[in-house]
Amino acid sequence: MVHLYGVTHGASMDSFFSSFPLFIRPAPEFLRDLATLPQGSRVGIEWFGGNDWEEVQDDLRQRVAAARIEESPRFDRSTADYWDIVLQTLHRFSLEPFFLEDKTLWLQYNQALVDSFVEQDIFKTKRESLIAYRIKLCRSNEQKRKKALAVRKIHELERDEMLLSAIGRSDLHAAIVGIGHSDYWFFQRENIQAQRNISFSSYAKQAPTGMVQPATHYIRHAHYDLPSILSRECLEREIRLLEEGRITKGTPQYVGTWCHTEPSKGYFEMYVERREGERISGRIEDLLGTARFEGHLRARALSFCKVYTRASSDAFQGEIPYEAKKRGKEFFGTFHIPGFRGPFYLVEAATKDPLEMGIRMAELKDSKLL
């Protein structure tokens, strides 16, 4: 049985004009709870042993210098300060720290991070047509998106697996990890127990408040935060689309995109579950979550309204109307949310590469074929 603690070991306050880091200290209630653990208990922490952290930082600096990046990525010092206080507390209460981080994985993360900062500016040349420029920009945006996802996959998904594996083989009394990991683990606790034989006996967390003061609050008998879970599920969908070309395991009747500049960002799968004459209804799966839709499919046109039923906080809450003209198996039209109207593309197919759809969308937009 493992006592699970989720912590907020760093934060920032963001506005339209600036962003600045907030130094977070371990909550006094959290430190007092550590004092109640039996002396000699082994406590896993999401941090590095020996000189590993210094080596990870040096490695990033070397990779940045080699790549000649002007706006260089760097690590936030406040995270190290947070874990230093936790380590001091563990030693004071005669608790044995066990370091869960893996330096090798962080070196891979460093390279992916540097790769994501190496960019080539895209400009329209004088002799270049607008459609050629749009296609070039679309290709560039998709490459940037793949690089950014490679960073997140290592930092959020592969590290998650690595931390759980370390806990499973280390005979721990307690584990202290970032709240992004702990919330998801508590949500998946039954699966984790069945697959890894790790049982979380309790869950407490130092959660962010979204304010400068107080920046966090301590919850002794905690539960997972649903927006955090949905954010994790959305990332998993993005990774599946990148690696498998599909975000769900089913076979949709239609696939499309509602983002012509970053087609994979707007990629969606449309499942028609009921059809009565021209009336259709079913569900739509995209990178923001799951939605229901109802509409009409005619010989030369398609219209429907979409409402998200389980989605991240980035999804619009309310009805989103879509209208499109049809030509063969293709549809091209617009969707509307208050204050904004954008294009979308849809094709009758079980699968289709988002970049291909983005290019086709640009061609249709330029030629006005639909």
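**Group meeting: strands, barrel and helix packing**

Let me start with a strand pair. S7, residues 200–208, and S8, residues 216–219, pair in the antiparallel sense, over four bridges. One register point to note: Lys-205 has Ile-219 of S8 as its bridge partner. S8 also has two faces. Thr-216 and Tyr-218 sit on the covered face. His-217 and Ile-219 sit on the uncovered one. So Ile-219, the partner of Lys-205, belongs to the uncovered face, because the covered face is Thr-216 and Tyr-218. That is a predicted model, like everything I show today.

Now the overall picture. The chain holds nine helices and 16 strands. Its C-alpha atoms fill a box of roughly 75 × 50 × 40 Å along the principal axes. There are 370 residues, and buried ones make up 47% of them. Take the contacts with a separation of 6 or more. Of these, 59% join residues 24 or more positions apart.

Next, the barrel. It is closed and has eight strands. The order is S9-S10-S11-S12-S13-S14-S15-S16, and the pairing is antiparallel. On average, neighbouring strands are turned by 30° against each other, direction ignored.

Look at one pair inside it. S12 covers residues 289–297, and S13 covers 301–311. Nine bridges join these two antiparallel strands. In that pairing, Gly-295 has Phe-304 of S13 as its bridge partner.

What lies across strands S10, S11, S12 and S13? Helix H8, residues 226–244. H8 runs at about 130° to S13. In residue numbers, S10 is 267–276 and S11 is 279–286.

H8 has a helix partner too. Helix H6, residues 179–187, packs on H8 at an angle of about 90°. The two axes are 9 Å apart. That angle makes H6 roughly perpendicular to H8. From H6, the contact uses Asp-183, Tyr-184 and Phe-187. From H8, it uses Ser-228, Ile-229, Arg-232, Glu-233 and Glu-236. By class, that is three nonpolar, one polar and four charged residues.

Now a second helix pair. H1 is residues 28–35, and H3 is residues 77–92. Their axes come within 10 Å and cross at roughly 30°. H1 and H3 are therefore roughly parallel. The crossing is right-handed. Which residues make the contact between H1 and H3? On the H1 side, Phe-30, Leu-31 and Leu-34. On the H3 side, Tyr-82, Ile-85, Val-86, Thr-89 and Leu-90. The class count here is seven nonpolar, one polar and no charged residues.

Two single residues to finish.

First, Asn-110, in helix H4, residues 103–117. Is Asn-110 buried or exposed? Buried, because its relative accessibility is 0%. Set aside the neighbours within four places in sequence. Asn-110 then contacts Val-56, Asp-59, Leu-60, Arg-63 and Phe-75.

Second, Leu-355, in helix H9, residues 354–367. With neighbours within four places again left out, Leu-355 is in contact with Cys-138, Arg-139, Glu-142 and Pro-263. How many residues separate Leu-355 from Phe-93 in sequence? The answer is 262, and the C-alpha to C-alpha distance in space is 56 Å.

Notes:
Residues are numbered from 1 along each chain as its sequence is written. This is a predicted model: local features need pLDDT of at least 70, side-chain atom pairs count only at pLDDT 80 or more; totals for chains, interfaces and linings use all residues. Side-chain values use heavy atoms; hydrogens and water are left out. Axes are lines fitted to C-alpha atoms, for helices over the stretch in contact, and angles run from 0 to 180 degrees between N-to-C directions. Angles under 35 degrees count as roughly parallel, over 145 as roughly antiparallel, 65 to 115 as roughly perpendicular and the rest as oblique. A crossing is left-handed if the near helix is turned anticlockwise from the far one by less than a right angle, and right-handed if clockwise. Contact means heavy atoms within 4.5 Å. Ala, Val, Leu, Ile, Met, Phe, Trp, Tyr, Cys and Pro count as nonpolar, Asp, Glu, Lys and Arg as charged, and the others, Gly among them, as polar. Two strands pair if DSSP finds at least two bridges between them. Buried means under 20% relative accessible area, exposed over 50%, partly exposed in between (1.4 Å probe, protein chains only).
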